[in-house]
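Subject: Structure handover

Hello,

Here is the structure I promised you. Please open it alongside this email, and read my notes below with it on screen.

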Protein chains: 4
Amino acid sequence: MLHFDSDYMEGAHPELMCRLMETNLEQTVGYGNDEYTARAKELIKKACLCPEARVHFLVGGTQTNATVIDGLLARHEGVMAAESAHINVHEAGAIEASGHKVLTLPSYEGKVRAADVEQYVTDFYRDETYEHMVAPGMLYISHPTEYGTLYTLEELRELSRVCRVAHIPLYMDGARLGYALAADDTDVTLPEIARLCDVFYIGGTKVGALFGEAVVISNPTVLPHFFPLVKQHGALLAKGRLLGVQFETLFTEGLYEKIARHAVSLAMRLKDAFRAKGYEVYIDSPTNQQFFRLPNEEIDRLMRYATFELWGPRGRTHTVVRFVTSWATPSEAVDELISLL
Amino acid sequence: MLHFDSDYMEGAHPELMCRLMETNLEQTVGYGNDEYTARAKELIKKACLCPEARVHFLVGGTQTNATVIDGLLARHEGVMAAESAHINVHEAGAIEASGHKVLTLPSYEGKVRAADVEQYVTDFYRDETYEHMVAPGMLYISHPTEYGTLYTLEELRELSRVCRVAHIPLYMDGARLGYALAADDTDVTLPEIARLCDVFYIGGTKVGALFGEAVVISNPTVLPHFFPLVKQHGALLAKGRLLGVQFETLFTEGLYEKIARHAVSLAMRLKDAFRAKGYEVYIDSPTNQQFFRLPNEEIDRLMRYATFELWGPRGRTHTVVRFVTSWATPSEAVDELISLL
Amino acid sequence: MLHFDSDYMEGAHPELMCRLMETNLEQTVGYGNDEYTARAKELIKKACLCPEARVHFLVGGTQTNATVIDGLLARHEGVMAAESAHINVHEAGAIEASGHKVLTLPSYEGKVRAADVEQYVTDFYRDETYEHMVAPGMLYISHPTEYGTLYTLEELRELSRVCRVAHIPLYMDGARLGYALAADDTDVTLPEIARLCDVFYIGGTKVGALFGEAVVISNPTVLPHFFPLVKQHGALLAKGRLLGVQFETLFTEGLYEKIARHAVSLAMRLKDAFRAKGYEVYIDSPTNQQFFRLPNEEIDRLMRYATFELWGPRGRTHTVVRFVTSWATPSEAVDELISLL
Amino acid sequence: MLHFDSDYMEGAHPELMCRLMETNLEQTVGYGNDEYTARAKELIKKACLCPEARVHFLVGGTQTNATVIDGLLARHEGVMAAESAHINVHEAGAIEASGHKVLTLPSYEGKVRAADVEQYVTDFYRDETYEHMVAPGMLYISHPTEYGTLYTLEELRELSRVCRVAHIPLYMDGARLGYALAADDTDVTLPEIARLCDVFYIGGTKVGALFGEAVVISNPTVLPHFFPLVKQHGALLAKGRLLGVQFETLFTEGLYEKIARHAVSLAMRLKDAFRAKGYEVYIDSPTNQQFFRLPNEEIDRLMRYATFELWGPRGRTHTVVRFVTSWATPSEAVDELISLL
C-alpha cells in the first residue's frame, strides 16, 4: 500500500535520528539551556539574517499557535485569520480557550488579502460601537496555507505594510515552511519572512523532525515575556536539547531545504501526471500538498492501492482529494502511483 | 564532572531508542491512532489490572496536569493540593490560566493528609458563604512527592475514601511513578493506584523515555471527553506513535520498573554513604531523590566534582541539597561520589 | 428633540421607582436572599407555568449571556448562534474570554433555522476529525432578535426538537422579551418558552427596570451550580433585593406585558406611517425596533428633530435606520415624528 | 430587631434616591456617555486632585476587582495580596477564572507589609527557576481592609515606593473607602491615595449608593484599554447615567464623607460601649466594622434583639463577632444596642 495521507507519517530524517542516537547518553541541563539548543538558535538566526531575533523551540503546531497568539494579544483583542485557517477550524478551540476570538477574513485558497485586512481594521475603528467589539489585535497567516498555496513576496510585503500601519503584529504559521521555501519560482525567502513578519515559526514536525517547531521572534518588542508563557501553556520540553539537536541538524548544510525540495519535486511530478491524465487540478499548489477533483469511481479504484484524504464530503459524482508528499516519500512510491493512474 | 542535578539529563533508555530507530521509517496514521499506541495502551491496562481504563499519551508533565485538571473540574471548582505541589509552585500558573484556583493544604514532606482533606471539605460546606468561595472539586497528590516521599497503601486508601465520600475525584501526578513502584518496602502497586485513584499518570520523561506521560483514566465517568481537551491544550502529538513505541517498550518485560529499580538502589547507596559519614539526611526519601543538609564548605568542595541542586536558599552555615539518580546514572558515578565524601 | 435611539434611555417605570422608594430604608439581607426576591421568583415561575424552574436575577445582558453560556458548556464545546448574534458581535469577546468559541450559523433577519442547526451537528459528527474541532454544545437564540424579528411557535418547537435530539441545551436571550410577548399575532407565550427552552432570560433593563435580567432555568439539570458562577462572573448584586423589588412589581398585575404592549403599539403606528409615506420598511419587525431604508436627505432632515441610529454604514443614496420605542415613549412623540415625515 | 450585619442592607441615601427620581424620565444615551457621568467624573478627579486620572463607573466590587486586575496583569503574572484578601477568599475564583493566580502574603489584621512585598519580589527574581513560576505583577490592598483596619500614610508610601521600584502597579480596593477617609486620626486622604496608587476604586455600594464603584486610574499608562475590558467582563451598565447621577450626588458638597462620618462615629460609640462593659475588642478598627470577642451566652442573649455576624466558627466559650454600622444606621439603634449590653 502506498501512503499519501500526510507529511507526518514517519519518524525523523535519518540524520536527525543519528544525531539523537549519538548524543543520547550525554548529560545536559533541561528546558533548552543546553549547548545544542544554543547552537540551533544561532544557526536559525543566521539563516534568517536576523541577529536580533529570539528563537524558542516548542513541540507542536497547535501549542505554538496558542502560545504565540496568547502572548501577542491584549485581553480585548482578537486575531484576524482566514476563515479556513487551522486556528479557526482544527485546533479544538485552543485560541478561545486562552480567551481570544478568531476574527475571520475571506479565504482565497487559504490566503488572506491585504485589502481585506485593511478594510477590517478601518471598518472596525469607524464603527461608533467599536469598544463593544473585539479589536483586531494581530494577523495570522499560514505559509504554505492549509491548501498548499503560497504568498508572493509582493503580497507578503503588502500584508506587512498594512499591519505596520495598523500597529498590529503579523504572525506566520510555518508548519510546512520548508515546503514553501523549496517551491519553484517562489520569491519568499527566510530573511524576507523575518523582515516582514514580527513572529513566525519554522515547522519541524512536518519537515524532517520527530517533532518540534522553531518560533522566531524577529521583532522582540512585540513578545517580551515568551518563556513563562511557554511553560504556562505546557509547551516547555523538559529535555529541551532534543529540539536543539534536531534543529541544529536541520539547519546544518541546508538539510531543511534539501529534504523539503525532495518532497516538492515529487509533488510536482504527481501534479503533472494527474494533469496529463486529464484530471482536474483543484488547487494549483506549488508545494507538497496536491488537491485533485476526481471521479468517485477513480477514487475507489486508487484506494485499493494507496491511502490519501478526501478533502471535504464526498460529492455526487466527483470528490476533491488530497495527496501529500514529504521528505520521506520514496520516488518509487510516486512512480508507482503514477503508473496506476 | 559527575551529574546528580535531575533525572532528565539524558535522552531515552537504549532499548527505547533502538525501537524508535527500527520503526523510524514506518508509516502510520497520526494522533495516536496507530498500532504501537494501541498495544501500549493494552499493556498499561494489563499492568494496572484495569481493563476498563482509558489510556492517553501526552508529552510532558505540566501539560498533563493542566489538561487533566481542566477536564475534571467544573468552572466553580478548584483543585486541592499540598502547598508544595508542583502545580501550585512550578507550573507558571498553568492551572489558573485555564481558570481554576489551587486550594492549598498543609504539606508534610510533600504529602497531604486525609484528615486535612476531610476538614477542608467539611469546613467549606459548613461556611454559610460557601457559594462565594471556590469549591474543592478534586484532590491532586504526587507520588513520589516533590520531596521524594511516598504514601503508604493505608494513607492512599484513606485519601481515596475521603474523596469518594466527598464525591470528588482523586488524581495522582506520577511524574516519577516508576521510582515509587521500585522503592523498598512500598506496598503501593500499580493496580492499587488504579483502584484508588480516578485518574493518574505514569511518567515517562523522568523514567526512561525521551518524553511522554501515560494518563490512565481508571474511572472514565469522571473524564468523558478527554481527547478534544488534549487537542485544545496543545498536548496532542502529531506523530503519536512515538509515545506508543516508547511506552510499549517500557511496559514489555517489566522494563519500566527494572530501570527505576536501578536508580532507587543507587539512591539508597548514596543515602547510606552520606549517613555513614555523619551528614544529616534532611528527608528520609525511599526514592531516587535524596535530600541532605550539608555544611556550606562541604557543598563548595563537592561542587568541584559534581553538579547537584541547592534546595532552597543557601543557609548561613548549612544548606539543604538534592542529589538525584536516574535509570541512566552509572554505578561508577555513585561510587566516585561516595569516595569523595 | 425626539429620541428613538434605543429602549434604555430612561430610568425605570414609575411604579418600580415608587416601590424602590417605599422600600428604600428597609433592611434586608444581601445577595438575593430577601423576601422581595423570593416573591419575584415565585411570580415568574407562575407566569411561566413552570414550578420546577430556578430563577436568578442578574444585572445586565452581556454578563447574563456570558455566565449562562459558561455554565452550560463543557470546555471542549462552543455555542451555536446566528452570525448576527449579540454574543458574536457586540459583547467584546465575553464568550471567548471565558474560553468558548461562537460557532456561527446563517442569520435570516437575526433568526436561525432548525435545519441549519441540524445540519451543523450532523456534519460535525460526520467529520472524521471532529475531535479536533469545537463541538456544538448549545444553541443561542434571541427573541426578539437583534432585528426585532420573532420566531413562530412552530419554529421554536422545531429548534427545541432539534436540540433535544442532539442532546444540547437551547438558550434564549430575552433582553427584549416583553416586546416579543406583546407583539400582535405572536403565538409564542412565556409558558411555551419555558417548555421549549432549557434556559432563557426575561429582560428588565430594556422593559421597564432600571436594570436587571431574570434568568429562568426551566430545566435545572443542565445548569446545576449557577449561583457560584454568578458570583465568579462578578454578576451578583450585593443589594439583590433591588432586583427582587423591580421584578416583583413587573410581574404583578401584568405590568411587564402591559408596558411592553405600549411600546409595540407605538412601533406599529410608526411603521404604518413610514409605509404610508412610501418609505421602504427594511425589515418587517412586529416589535419595538423598526428598520427603514430612507433617502439620505430625508435622514438628514429628520435628524434635525429626532435622534435615531444609522444601521450599518451610510449608503450612497439610501441608508437603513432604526427607530426604537419603549415603555417610556410618549404617544405624543410618535405623533410628532409622524407629522414630520 | 436591630441590624448590624453589614453595610449593604438598605437602598441608597435619600439624596441619591431623590436625584434618581428627579431624573428618572430624562432621556440620555447609554453606557456612561451622558452628562451626569461626565460631571461625576470631573467631581471625582477634583476630589482626588488628579486631573489626569481616568474614571470609570462599574456596578459591584467583585466585578471591579476582576476587571481591573485582568487589565493590569500580563498573562504570566499574578496579583500579590494578603491571604485574607477578598479576592483570595470570597470572590468565587473570579481572578483565577480570568487566568491569574493570587500570590498570597502574610496578613496583619488584613494589611500587608511593604517589607513582605519587597521580600517576595526579591526572592522571586533570585530563584533560578523564576520563569517557571507566576511572576508578581501587581499588588492588591484594601483600605479599609476586610478587618476594618487602615494603612497609615507612611505605610502606604512605603508600599507605593516598593511597588514603583519593582515596576508593578499598586491597586487599592476601596469598597468601604468612605469609612476610611472619615476615620478619626487617619492621615490618608483621597489625593494621597491617587498619588500613591496607580488604580483604586471608591466604593459606592457600601457607602450610600444603590450600587456602583468608581474606578480611578490615576496612572493611565498602566491600564490603557479599560473600556472594552469592562464590556468584556459584563460590567458595563446600559443605563450608565444611574451611576453618574449617584456619584455626582455623593461628590457634591462632601456628601460621601459626611455620611461615612456618621457611620464611623456610631461605630466608635459602639466600641467604647463594649469596651466599657469589659468586653474584648478583638481588632481595634477605626472604621465602621467592629470586631469583639464575646462569651457565647452573651452572643445568644444579644441575638434575641439584634442581628450581627459570627466571624469565623463558634468557639468553645467565646466567639468573635462583627457589628457593622453604615450611613443608614439610626443613632437610636446604637443607643438601644448599647442599653442591651
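**Where the chains meet**

The contact between chain C and chain D takes 44 residues from chain C and 44 residues from chain D. Keep in mind that this is a predicted model. On the chain C side, four helices each supply at least two residues: α1 (14-22), α3 (61-72), α5 (94-97) and α10 (226-232). By class, that side of chain C has 22 nonpolar, 16 polar and 6 charged residues.

Chain B also touches chain C. Here 15 residues of chain B are in contact with 15 residues of chain C. Two helices of chain B, α3 (61-72) and α10 (226-232), each supply at least two residues of the side that touches chain C. Which of them gives the most? It is α10(B), with 5 residues. The class split on this side of chain B is 5 nonpolar, 6 polar and 4 charged residues.

**How the copies are related**

Take chain C and chain D. Chain C can be laid on chain D by a turn of 180° and a shift of 0.0 Å along the axis, with an RMSD of 0.0 Å. The two copies are thus related as by a two-fold rotation axis. The same surface serves both copies, as 100% of the contact residues of chain C recur in chain D.

Now chain B and chain C. A turn of 180° and a shift of 0.0 Å along the axis lay chain B on chain C, and the RMSD is 0.0 Å. Again the same surface serves both copies: 100% of the contact residues of chain B recur in chain C.

**The seven-stranded sheet of chain D**

In chain D, 7 strands form an open sheet. Their order is β2-β8-β7-β6-β5-β3-β4, and the pairing is mixed. Strands β2 (54-58) and β4 (102-105) of chain D stand at the edges with a single partner strand each, so one side of each is left without a neighbour in the sheet. On average, neighbouring strands of this sheet are turned by 25° against each other, direction ignored.

Further in, β5 (residues 135-142) and β6 (residues 170-173) of chain D pair in the parallel sense over 4 bridges. Within this pair, Ile141(D) has Met172(D) of β6(D) as its bridge partner. Helix α2 (residues 35-47) of chain D packs on the sheet. This helix touches β2, β7 (199-203) and β8 (213-217) of chain D, and its direction makes about 125° with that of β2(D).

**One residue to look at: Val134(D)**

Find Val134(D) in the loop between α6 (114-126) and β5 of chain D. Is Val134(D) buried or exposed? It is buried, because 27 other C-beta atoms lie within 10 Å, and 20 are enough to count as buried. Its contacts reach into another chain. Leaving aside neighbours within four places in sequence, Val134(D) is in contact with Ala92(B) and Gly93(B), and with Glu77(D), Gly78(D), Lys101(D) and Leu103(D). Val134(D) and Val79(D) are 55 residues apart in sequence but 9.1 Å apart in space, C-alpha to C-alpha.

**The four-stranded sheet of chain C**

Chain C has an open sheet of 4 strands, in the order β9-β10-β13-β12, with antiparallel pairing. The edge strands are β9 (280-283) and β12, and each pairs on one side only.

Strand β13 (residues 318-324) of chain C has these two pairings:

- With β10 (residues 289-295) of chain C, there are 7 bridges in the antiparallel sense. Gln290(C) stands opposite Phe323(C) here.
- With β12 (residues 309-310) of chain C, there are 2 bridges, also in the antiparallel sense. Leu310(C) stands opposite Val321(C), and Glu309(C) has Arg322(C) as its bridge partner.

Helix α12 (residues 255-276) of chain C packs on this sheet. Helix α12(C) touches β9, β10 and β13 of chain C, and its direction makes about 20° with that of β10(C).

**A helix pair in chain B**

Last, look at α12 (residues 255-276) and α14 (residues 331-340) of chain B. They pack at an angle of about 5°, with their axes 10 Å apart. Angles under 35 degrees count as roughly parallel, and α12(B) and α14(B) are therefore roughly parallel to each other. From α12(B), the contact is made by Leu266(B), Arg269(B), Leu270(B) and Ala273(B). From α14(B) come Ser331(B), Val334(B) and Ile338(B). These residues divide into 5 nonpolar, 1 polar and 1 charged.

Best wishes

How values were computed
Residues numbered from 1 in each chain as written. Chains lettered and ligands numbered in written order. Predicted model: local features only at pLDDT ≥ 70, side-chain atom pairs only at ≥ 80, totals over all residues. Pairing = 2+ DSSP bridges. Axes fitted to C-alpha atoms, helices over the stretch in contact; angles between N-to-C directions. Contact = placed C-beta atoms within 7 Å. Nonpolar A, V, L, I, M, F, W, Y, C, P; charged D, E, K, R; others polar. Least-squares fit on C-alpha atoms with pLDDT ≥ 70 in both. Buried ≥ 20, exposed ≤ 12 C-beta atoms within 10 Å, placed from the backbone. Parallel < 35°, antiparallel > 145°, perpendicular 65-115°, else oblique.
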